[in-house]
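Q: I should like to learn how to read a structure of this kind, feature by feature. May we begin with a helix and its buried residues?

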Amino acid sequence: MANVVRDPREHQDAIIPDLSKADPLVHFSKDDIAFVYGSIWKQRYFKKAGDDYFPFPVQWDVTHKMWRPYFVKNGTDWWAALYAPDNFQRPTGPLCDGCHSVNYDINTKTVTEWNVGCERCHGPGSEHVKQRTRETIVNPARLDYVHANDTCIQCHSQGRPPNNPIDGRYFDWPVGFHMGLNLADFWRLESYRLGETSFTHFPDATAHKNRMQGNDFVQSLMYNRGVVGFSCHDVHGTRNAAQLREPPGEMCFACHGPNTQNGPRSASIEEHTHHKAGSMGSQCVACHMPRIEETISDVNVHAHTFRFITPAETDAYKIPNACNICHGDKSTEWAGAALKSWRDRSPWRMDN
Ligand code: HEC
Ligand code: HEC
Ligand code: HEC
Ligand code: HEC
Ligand code: HEC
Ligand code: HEC
C-alpha cells in the first residue's frame, strides 16, 4: 500500500505500459503525467491543472496488458451525476486523495505524505516522536474490534460522508477522520436494499464492486466474533500474496480446522469440501470468498462476507456462486443437486 501513488519523474519505472507505442485510446505522453496510481490490478494517470489533479480517460489493465477507457458513468457511482461528465472536471481532491494519502487538507489541497503512510493507521505521530510511549500513539491491536476494523474500513469501503456537500463539493471519503476518532461520525457505509441490485451491492447485500472489503466484512459472523482485518493481513508487508500473515492455503487454519470450535464441523477437510485434498475446489477461499467483486473488466477481487452463496441464489438473483464459477460447463441444477448429496450439508439451507 506504500506505493499506490507515484510521481513518474521520481520513479522511472512507475509507468507500466510502453507509452511510446501508439494506441487509439491514448492521447497524452509521459511528460503530461503528474502522478500514476496503482500497479496491482489497474493503473490510472493524472495531469495537474492549477492545484488539482485530474484523471486521463484511459487506464491500463495490468492483468490483460491492455488499455481500457476510464470514465465513471452515471449509475456506476453515487457521485457521477453530481459532477460534469468530463474527467477534467472531476478533481481527485474530493473524489480520491483522502484515501490515497495522509492528511489531505481540503482547503490547502496539500498532503503530509502520498500513499498509506504510518499515521493513517497509527494516528498523528508528532507527540510520539517527542515522547516515545504507548500512550502517545494508536496501536490498532489494542482497540476494540469495531475501531480496530475501522483502521481498514476508513479506506476499504464504499460510502459517503454524512455532511455532504462540504463547502459546496461532494466528497467520496471520510473527511475529518483520523485514527483515535470514531469513523461512524465521519462516514456512512453505502446502504443496500435486500432483493435489489444497486451500483454497489448484489441483492443479498454482498458487494459486487472493488474496495468493499469493509462493507462485506461487517456483515460476517467473524466480524461479530471479534476477528479483524489484520488477523489475516499484515499491512507492514509479508512475503505472501495480499500481505497475508500465512500462505493463502494456510491462513484459515490459524483459527479453523476439522471439528474445531470455529468449524468446519467434519472429521477431515476433504469431508467438508467434498474435493480431493490439494484440489482447487478444496481451498477455503474458493467457496467462502469467491472472486465476484469487479475491479476492472473481468478481473475480480475476493468477497469478504465469508457467506456461502448457493446455486439457488444464482437462479433467483443472478449472484454468481462459487461452484459454477469453477464448474462453468455445468448448470446451477447440477451444482445444487451435488450439494444436496453432501449429507453433512443442511439441505434446507441449500434450497434458497
Ligand atoms: C494500513 C495500516 C497501517 C499502516 C500504514 C502502518 N501500520 Fe503499523 N500497525 C498496524 C496495525 C493494524 C498494527 C497492529 C497489528 C500488527 O501488529 O500488525 C500495527 C502495529 C505496529 C507496530 C507494533 C506495535 C506493538 O506494540 O507491537 C509498530 C511498531 C508499527 N505498527 C509501526 C508502523 C510504522 C513505523 C509504520 C509506517 C512505516 C506503520 N506501522 C504503518 C497498521 C498499520
Ligand atoms: C489510507 C487508506 C488505506 C488504509 C487505511 C488501508 N488500506 Fe489497504 N489498500 C489501500 C490502497 C490504496 C490499496 C491499493 C494498493 C496498491 O495499489 O499498491 C490497498 C491494498 C490493500 C491490500 C492488497 C494488497 C495486495 O498486495 O494485494 C490489502 C490486503 C489491504 N490493503 C489490507 C488492508 C488492511 C488489513 C488495512 C487495515 C489494517 C488496510 N488495508 C488499511 C488503502 C488503504
Ligand atoms: C474511500 C477510499 C478510496 C477512494 C475515495 C478512492 N480509492 Fe482508490 N483504492 C482504495 C483502496 C482501499 C484500494 C485497494 C482495494 C481495492 O481496490 O479493492 C484502491 C485501489 C485503487 C486503484 C488500483 C490500485 C492497483 O494497484 O491496481 C487505483 C488505480 C485507484 N484506487 C485509483 C483511485 C482513483 C482515481 C480514485 C478517485 C476517482 C480513487 N481511487 C478513490 C481506496 C480509495
Ligand atoms: C483470527 C481467527 C480466524 C481466522 C484467521 C479465520 N476465521 Fe473464520 N471464523 C472465526 C471465528 C471466531 C468464527 C465464528 C465461529 C463461531 O462463532 O461459531 C469464524 C467463522 C467462520 C465461518 C462461518 C460463518 C458463518 O456465517 O457461519 C466461515 C465460513 C469462516 N469462518 C471462514 C473462514 C475462512 C475461509 C478463513 C480464511 C480465509 C477464515 N475463516 C479465517 C475466526 C477466524
Ligand atoms: C467446495 C466448497 C467449500 C469449500 C472448499 C469449503 N467450504 Fe466451508 N462450507 C461450504 C458450504 C456449502 C457450507 C454451508 C454453508 C451454509 O450452510 O450456509 C460451509 C460451511 C462452513 C462453515 C460453517 C458451518 C460448519 O460446518 O462449521 C465453516 C466454519 C466453514 N465452512 C469453514 C471452511 C473452511 C475453514 C474451509 C477450508 C478448509 C472451507 N470451509 C472450505 C462449502 C465449502
Ligand atoms: C476453485 C474451483 C472449484 C470450486 C469453487 C468448486 N469445485 Fe468442484 N471440482 C473442482 C475440481 C478441480 C474438480 C476435480 C476433482 C477434484 O479436484 O476433486 C472438482 C470436482 C467436483 C465434483 C466431482 C467431479 C464431477 O465433475 O462430477 C463435483 C460433484 C463437484 N466438484 C461439485 C462442486 C460443488 C457443488 C461446488 C460448490 C459447493 C464446487 N464443486 C466448487 C473445482 C472446484
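Q: Which residues of helix α12 are buried?
A: In this predicted model, a residue counts as buried if 20 or more other C-beta atoms lie within 10 Å of its own. In helix α12, residues 332–341, that description applies to Ala 335, Gly 336 and Leu 339. Seen down the axis of α12, these buried residues fall within an arc of 100°, so they line one face of the helix.

Q: Which residues are exposed on the other side of α12, and what covers its buried residues?
A: Glu 333 and Ser 341 are exposed on the other side. The cover over the buried residues of α12 includes α10 (311–317), α11 (322–326) and α13 (347–350).

Q: Which residues of helix α4 are buried?
A: Helix α4 spans residues 145–153, and its buried residues are Ala 148, Asn 149, Asp 150, Thr 151 and Ile 153. Among the elements that cover them are α2 (118–122), α5, α6 (221–224) and α7 (229–232).

Q: How should one read a sheet, and what is the order of its strands here?
A: One may follow the order of the strands and then the sense of each pairing. Here five strands form an open sheet in the order β1-β2-β3-β4-β5, with antiparallel pairing. The edge strands are β1 (5–6) and β5, each of which pairs on one side only.

Q: How many bridges join β1 and β2?
A: Two bridges join β1 to strand β2 (residues 35–37), in the antiparallel sense. Val 5 has Tyr 37 in β2 as its bridge partner.

Q: How many bridges join β3 and β4, and which residue of their hairpin takes a positive phi?
A: Strand β3 (residues 42–49) and strand β4 (residues 52–61) are antiparallel and pair over seven bridges. Lys 47 stands opposite Phe 54 in β4. The hairpin of β3 and β4 has two residues between the strands, and Gly 50 takes a positive phi near 65° there.

Q: What joins β4 to β5?
A: Four bridges join β4 to strand β5 (residues 66–69), and the two run antiparallel. Opposite Arg 68 in β5 stands Gln 59. These strands also form a hairpin, with four residues between them, and Lys 65 in the turn has a positive phi of about 50°.

Q: How does one describe the surroundings of a ligand, and which residues are closest to ligand 3?
A: One may list the closest residues, then the elements that supply the shell, then the classes of residue. Ligand 3 is surrounded by 23 residues, of which the closest are Gly 38, Ile 40, Trp 41, Cys 96 and Cys 99. At least two residues of this shell come from each of β3 and α1 (92–95). By class, the shell around ligand 3 holds eleven nonpolar, eight polar and four charged residues.

Q: Which element gives the most to the shell around ligand 5?
A: The shell of ligand 5 has 21 residues, with His 256, Gly 263, Cys 284, Cys 287 and Phe 308 the closest. The elements that give two or more residues to this shell are α8 (269–273) and α9 (284–288). Of these, α9 gives the most, with four residues. The shell around ligand 5 comprises seven nonpolar, eleven polar and three charged residues.

Q: Which residues come nearest to ligand 6?
A: Among the 14 residues around ligand 6, those that come nearest are Ser 279, Gly 281, Ala 286, Cys 323 and Cys 326. Helices α9, α11 and α12 each supply at least two residues of this shell. By class, the shell around ligand 6 has nine nonpolar residues, four polar and one charged.

Q: How is a single loop residue read; for instance, where is Pro 203?
A: Pro 203 lies in the loop between β9 (188–189) and α5 (213–217). With 17 other C-beta atoms within 10 Å, Pro 203 is partly exposed. Leaving aside neighbours within four places in sequence, the contacts of Pro 203 are Leu 194, Gly 195, Glu 196, Thr 197, Tyr 317 and Ile 319.

Q: Finally, how many helices and strands does the chain have, and what is its radius of gyration?
A: The chain has 13 helices and eleven strands. A compact globule of 352 residues would have a radius of gyration near 20 Å, and the 22 Å of the chain agrees with this. Of the 352 residues, 24% count as buried.

Key:
Residues are numbered from 1 along each chain as its sequence is written. Chains are lettered from A and ligands numbered from 1 in the order in which they are written. This is a predicted model: local features need pLDDT of at least 70, side-chain atom pairs count only at pLDDT 80 or more; totals for chains, interfaces and linings use all residues. A residue is near a molecule or strand if its C-beta atom, placed from the backbone, lies within 6 Å of it. Ala, Val, Leu, Ile, Met, Phe, Trp, Tyr, Cys and Pro count as nonpolar, Asp, Glu, Lys and Arg as charged, and the others, Gly among them, as polar. Two strands pair if DSSP finds at least two bridges between them. A residue is buried if 20 or more other C-beta atoms lie within 10 Å of its own, exposed if 12 or fewer, and partly exposed in between; C-beta atoms are placed from the backbone. Two residues are in contact if their C-beta atoms, placed from the backbone, lie within 7 Å. The arc is that of the directions from the helix axis to the C-beta atoms. The radius of gyration is taken over C-alpha atoms; the globule rule is 2.2 Å times the number of residues to the power 0.38.
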